Amino acid sequence: MNVSPQHRPSRIALVAFPGVRAFDVSVITEVWGVDRTDRGVPAFDLRRVAADPAPVPLRGGLSLTPDRTLAWLDRADLIVVPGLDDHLTPAPEPVLEALRSAHSRGTPLAALCGGAFTLAQAGLLDGRRAVTHWNLTELLSTHHPRVTVVPDALFLHDDNIWTSAGTAAGIDLCLHLVRTSHGAETAATIARSMVTAPFRTGTQAQFIEQPTPQSDRDADALASVRAHALAHLADPHTVAGLAARAGMSARTFARHFQATTGTTPLRWLITQRIAAAQKLLERTDLPLPEVARRTGIGSEITMRQHFAAHLAISPRDYRLAFHDTGGQTEVDSARPHP
């Protein structure tokens with residue numbers, strides 16, 4: 001979602017019908033349905049939308065009472081579809097038609113976990129890339145062969161449609177959508193209140209090896225290396241140099257790093273530098289070349305390339321959209337989390 005300062009999504013629609021997961025409903029509500037304006041978070045307008053006003057039954061004796069019908073989707077800035085308890089649950093045709101109409105209007109759609117099956121039922125994933133829980137990829141491919149199922153990402157975007165993997169990845173996607181529309185600091189504030197990780201990239205692997213006692217010790221060394229890199233983002237870092245700090249060969253370091261984090265050392269470093277640059281752009285008036293230098297990105301040109309590839313926006317436009325005139329100028333305040 002490339003967002004201008006004049007149009008930041010604040011009207012969020014949670015689409016509900018019998019069979020949606022209570023957990024995903026709770027995640028969507030926790031991210032967009034809690035008033036955090038006292039902590040600087042914008043006031044979101046979250047509406048629970050269904051085909052009719054009748055309570056929607058959820059598993060475990062729960063129910064969800066809609067406060068809007070499908071007609072409200074015409075007003076939504078973002079539509080989020082929860083996952084399903086039974087991943088082959090057919091969505092009501094009025095829901096599918098409303099989702100198709102919303103996409104044709106250009107409204108962003110996001111599906112959590114098995115919500116990808118709902119979008120696939122609507123035909124919205126035909127010819128597009130999508131992700132779901134790693135254990136459901138074969139099922140999605142079998143029932144919807146025109147969908148290009150990506151087996152190992154946390155979340156991804158294709159033609160204004162977002163899909164995510166299971167459970168925690170749904171939280172990651174929701175926070176990413178907040179980050180792209182309201183800035184890194186707003187997303188971090190929500191993440192802190194939820195006591196969850198503020199930043200995991202969509203390309204990170206879903207499945208990370210379960211550590212053994214030996215790899216536990218290696219993980220401690222890797223955590224120390226990550227902490228050092230975050231404390232010295234402006235310094236040049238290489239895989240060989242980071243490996244030496246961990247007391248490993250470069251090949252062993254790279255293998256263990258990916259096994260414990262789900263991504264490569266250099267990809268992790270790039271995403272951390274982008275996150276730090278986002279915060280500096282939001283909080284400070286530092287010139288763009290200085291932001292690039294302080295975060296280790298190097299040059300304004302390189303920073304512009306990274307922002308285009310990862311955020312679909314330029315650093316200058318990002319600052320225009322999210323700059324806080326009351327911000328501070330210390331680089332330590334912009335340091336991301338390991």
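P57 is partly exposed, because its relative accessibility of 47% falls between the 20% and 50% limits. In this predicted model, P57 is found in strand 3, which covers residues 56–57. The C-alpha atoms of P57 and P18 are separated by 5.7 Å, although the two residues are 39 apart along the chain. Beyond its neighbours within four places in sequence, P57 is in contact with P18, G19, L62 and S63.

**Overall make-up**

- The secondary structure of the protein comes to 13 helices and 11 strands.
- The protein has 338 residues, and 51% of them count as buried.
- About 14900 Å² of the protein is exposed, with carbon and sulfur atoms supplying 52% of that area.
- Taking contacts between residues at least 6 apart in sequence, 67% join residues at least 24 apart.

**The open sheet**

- Seven strands form an open sheet in the order 5-2-1-6-7-11-10, and the pairing is mixed.
- Strand 5 (68–69) and strand 10 stand at the edges; each has a single partner strand, so one side of each is left without a neighbour in the sheet.
- Strands of a sheet pair through backbone hydrogen bonds, in either a parallel or an antiparallel arrangement.
- At the strand 5 edge, strand 2 (residues 45–50) runs parallel to strand 5, and 2 bridges join them.
- A50 has T69 of strand 5 as its bridge partner.

**Strand 11 and its two partners**

- Strand 7 and strand 11 run parallel and are joined by 3 bridges.
- The bridge partner of A110 in strand 11 is W162.
- Strand 10 (residues 155–158) runs antiparallel to strand 11, with 4 bridges between them.
- F155 is bridged to S164 of strand 11.
- Strand 10 and strand 11 form a hairpin with 2 residues between them, and D159 in the turn has a positive phi of about 55°.
- Within strand 11, I161 and T163 point one way while W162 and S164 point the other way; all of these residues are buried.

**Helix 2**

- Helix 2 (residues 93–105) has 13 residues, which should span 18 Å at 1.5 Å a residue; its end C-alpha atoms are 18 Å apart, in agreement with that value.
- Buried in helix 2 are V95, L96, A98, L99, A102 and H103.
- These buried residues lie on the same side of helix 2, because they cover an arc of only 160° around the axis.
- An α-helix has 3.6 residues a turn, so residues three or four places apart point the same way.
- The buried residues of helix 2 pack against strand 1 (11–15), strand 6 (78–81), strand 7 (109–111), helix 3 (115–121) and strand 11 (161–164).
- G106 follows helix 2 and has a positive phi, near 95°.

**T118 in helix 3**

- T118 lies in helix 3.
- With a relative accessibility of 0%, T118 counts as buried, because the limit for that class is under 20%.
- Leaving aside neighbours within four places in sequence, T118 is in contact with F17, V81, L84, A91, L96 and L99.
- Among these partners of T118 are L96 and L99, both of them buried residues of helix 2.

**Helix 9**

- The 12 residues of helix 9 (residues 250–261) reach 16 Å from the first C-alpha to the last, close to the 16 Å expected at 1.5 Å a residue.
- F253, H256, F257, A259 and T261 are the buried residues of helix 9.
- Just after helix 9, G262 takes a positive phi of about 85°.

**Cysteines**

- A disulfide is a covalent bond between the sulfur atoms of two cysteines.
- A search of the whole structure finds 0 disulfides.
- C113 counts as buried, because its relative accessibility is 5%.
- C174 is buried as well, with a relative accessible area of 0%.

Note on methods:
Residues numbered from 1 in each chain as written. Predicted model: local features only at pLDDT ≥ 70, side-chain atom pairs only at ≥ 80, totals over all residues. Heavy atoms only, no water. Expected span 1.5 Å × (residues − 1). Buried < 20%, exposed > 50% of the residue type's maximum accessible area, 1.4 Å probe, protein only. Arc of directions from axis to C-beta. Contact = heavy atoms within 4.5 Å. Disulfide = S-S within 2.5 Å. Pairing = 2+ DSSP bridges. Areas by Shrake-Rupley, 256 points an atom, 1.4 Å probe, with all protein chains shown as cover.
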